Structures are given as C-alpha cells and as structure tokens.
Amino acid sequence: MNISIEQVDYEKKTVLRHLIELYNYDFSEFTNDDVNEIGLYDYKYLDNYWNEPNRFPFFIKVDGKYAGFALVRKITNDSSMDIYNSLAEFFVMKKYRKMGVGRTAAINLFEKYIENWEVSVIKENKPAQLFWKKVIYKYTNSTYIENKNEEGDTIFSFKVIN
C-alpha cells in the first residue's frame, strides 16, 4: 500500500470541496452542524487555501486514489512572533481508517515542514484525541506538550527535528 500526500492544485479544488463535504458529514456527529439550504455543509475557508500564502491544502492518497485530505496553516504567534504549523483540518475516509493511512500521512506532513506544530482537537471528538495522542507521542518520542484551551479542546504542540 502506497500512502502519499500531494499538494492540491487549484484545478483540483472541486475534488477537495467534495471530500470536505464527506468530512463535514462525519464531523457533524461531534458538532451537530446541519446542511445549508442547498444540502451542503460548505467550508467557508476553502478559497483561502489559494488566496493566502500561509495556507496549504493536501490530498491524502492510497495507491493513487483519494483517501482524504489535510489543510495546513502557517501561523505567526502575535505575542512571541514564533511561527508554527497548524493542522486546520485532517480527514481520512472510513474505508482507509485503522490501516496506518492517517499516521503515515500525518508523519509525511510533519516532515514536509520541519518546524513547530500544533494539532487541535475539539473536546467532543474522543477518537481523534486518542489518534493524535498516539501518533504524536510515538513520532516525538513523547516530547510534546498537551494542553486544553478555554473550550476544553485538546492542543498538542511539538517541534519536528530532522
């Protein structure tokens, strides 16, 4: 099984939009979101991934087939001016879960950007909290920081060293 990440070209934006609909459908279990008047969840930040220089969309592929996506943002901390990468959204289709696809894709992303990282998981999404804790613990050899924000979401912070 060949697992890869591939930056999304603008010409493939519609494919990403469709995958985001699947993601939002799955995610609605935790957010209680509803579809809009035309039956879509819609992702209001999608165009920003081609209009802003600090946003990076990626497909996750398995043997050349779409298996999910990751949306990465490069953020500058206002107080310290430190730059870190934030995993804004991460999705692996159910068919490809529990096969190492998410772990491999995440590690590929971390190693693409050898910098500080932050992965935030909403408090309602217990499966994602367990997944990220396991992946980040193993990847960093337990050298990460785990905090909670005001809403109770879990935030994993770590530095990638090559």
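**Exercise 1: Aromatic pairs**

Task: Find how many aromatic pairs this predicted model holds, then work out how Tyr23 and Phe69 are arranged.

Solution:
- Start with the count. Rings pair if their centres lie within 6.5 Å, and by this rule there are 20 aromatic pairs.
- Now pick out Tyr23 and Phe69. Their ring centres sit 5.4 Å apart, and the planes make an angle of 80°.
- Planes over 60 degrees apart count as edge-to-face, so that is the label for Tyr23 and Phe69.
- Next, look at where the two partners come from. Tyr23 belongs to helix H1 and Phe69 to strand E3, so the pair links parts of the chain 46 residues apart.
- Are these two rings buried or exposed? Tyr23 has 7% relative accessibility, so it counts as buried. Phe69 comes out at 0%, so it is buried as well.
- Finish with the cluster. Ring pairs join Phe56, Phe58, Phe90, Phe110, Tyr113, Trp117, Phe131, Trp132, Tyr139 and Phe158.

**Exercise 2: Following helix H1**

Task: Trace H1 and say where it bends, which of its residues are buried and what covers them.

Solution:
- Check the confidence before you begin. The protein has a mean pLDDT of 93, with 98% of its residues at 70 or more. Among the elements, H1 (residues 13-31) has the lowest mean, 93, while strand E2 (residues 55-62) has the highest, 98.
- Walk along H1 to Tyr25, and you'll find a bend of about 30°.
- Then list what is tucked away. The buried residues of H1 are Lys13, Leu16, Leu19, Ile20, Glu21, Tyr23, Asn24, Asp26, Phe27 and Ser28.
- The spacing in a list like that is worth a thought. An α-helix has 3.6 residues a turn, so residues three or four places apart point the same way.
- What lies over the buried residues of H1? The cover includes helix H2 (48-51), E2, strand E3 (65-76) and strand E4 (83-92).
- Step just past the end of H1, and Asn32 shows a positive phi of about 65°.

**Exercise 3: Laying out the sheet**

Task: Put the strands in order, find the edges and place the helices that lie on the sheet.

Solution:
- Read off the order. The open sheet has 7 strands, arranged E1-E2-E3-E4-E5-E7-E6, with mixed pairing.
- Look at the two ends of that order. Strand E1 (3-7) and strand E6 (145-148) each have a single partner strand, so one side of each has no neighbour in the sheet.
- Add the twist, which averages 25° from one strand to the next.
- Zoom in on E3 and E4. They pair in the antiparallel sense over 9 bridges, and Val72 stands opposite Leu87 in E4.
- Now bring in helix H3 (residues 101-112). H3 lies across E1, E2, E3, E4, strand E5 (116-121) and strand E7 (154-159), and it runs at about 45° to E1.
- Helix H4 (residues 126-140) also packs on the sheet. H4 touches E4, E5, E6 and E7, and its direction makes about 15° with that of E7.

**Exercise 4: Three residues inside strands**

Task: For Asn85, Ser86 and Phe156, give the strand, decide whether each is buried or exposed and list contacts from further along the chain.

Solution:
- Take Asn85 in E4. Its relative accessibility is 0%, so it's buried. Leaving out residues up to four places away in sequence, Asn85 touches Val72, Arg73, Lys74, Tyr113, Glu115, Asn116, Trp117 and Glu118.
- Move on to Ser86, also in E4. The cut-off for buried is under 20%, so Ser86 makes it at 12%. With neighbours within four places set aside, Ser86 is in contact with Leu71, Val72, Arg73, Ile75, Trp117 and Glu118.
- Last comes Phe156 in E7. At 1% relative accessibility, Phe156 counts as buried. Its contacts beyond four places in sequence include Trp117, Val121, Trp132, Ile136 and Tyr144.

**Exercise 5: The loop between H4 and E6**

Task: Describe Asn141 and Ser142 in this loop.

Solution:
- Begin with the backbone. Phi is near 55° for Asn141 and near 70° for Ser142, positive values in residues other than glycine.
- Then check accessibility. Asn141 is exposed, with a relative accessible area of 62%, whereas Ser142 is partly exposed at 36%.

Technical notes:
Residues numbered from 1 in each chain as written. Predicted model: local features only at pLDDT ≥ 70, side-chain atom pairs only at ≥ 80, totals over all residues. Heavy atoms only, no water. pLDDT = per-residue confidence, 0-100. Helix = DSSP H or I, 4+ residues; strand = E, 2+ residues; numbered from the N terminus. Bend = angle between axes of the 7 residues up to and from the residue. Buried < 20%, exposed > 50% of the residue type's maximum accessible area, 1.4 Å probe, protein only. Contact = heavy atoms within 4.5 Å. Pairing = 2+ DSSP bridges. Axes fitted to C-alpha atoms, helices over the stretch in contact; angles between N-to-C directions. Phe/Tyr/Trp six-rings, centres within 6.5 Å; stacked < 30°, edge-to-face > 60°.
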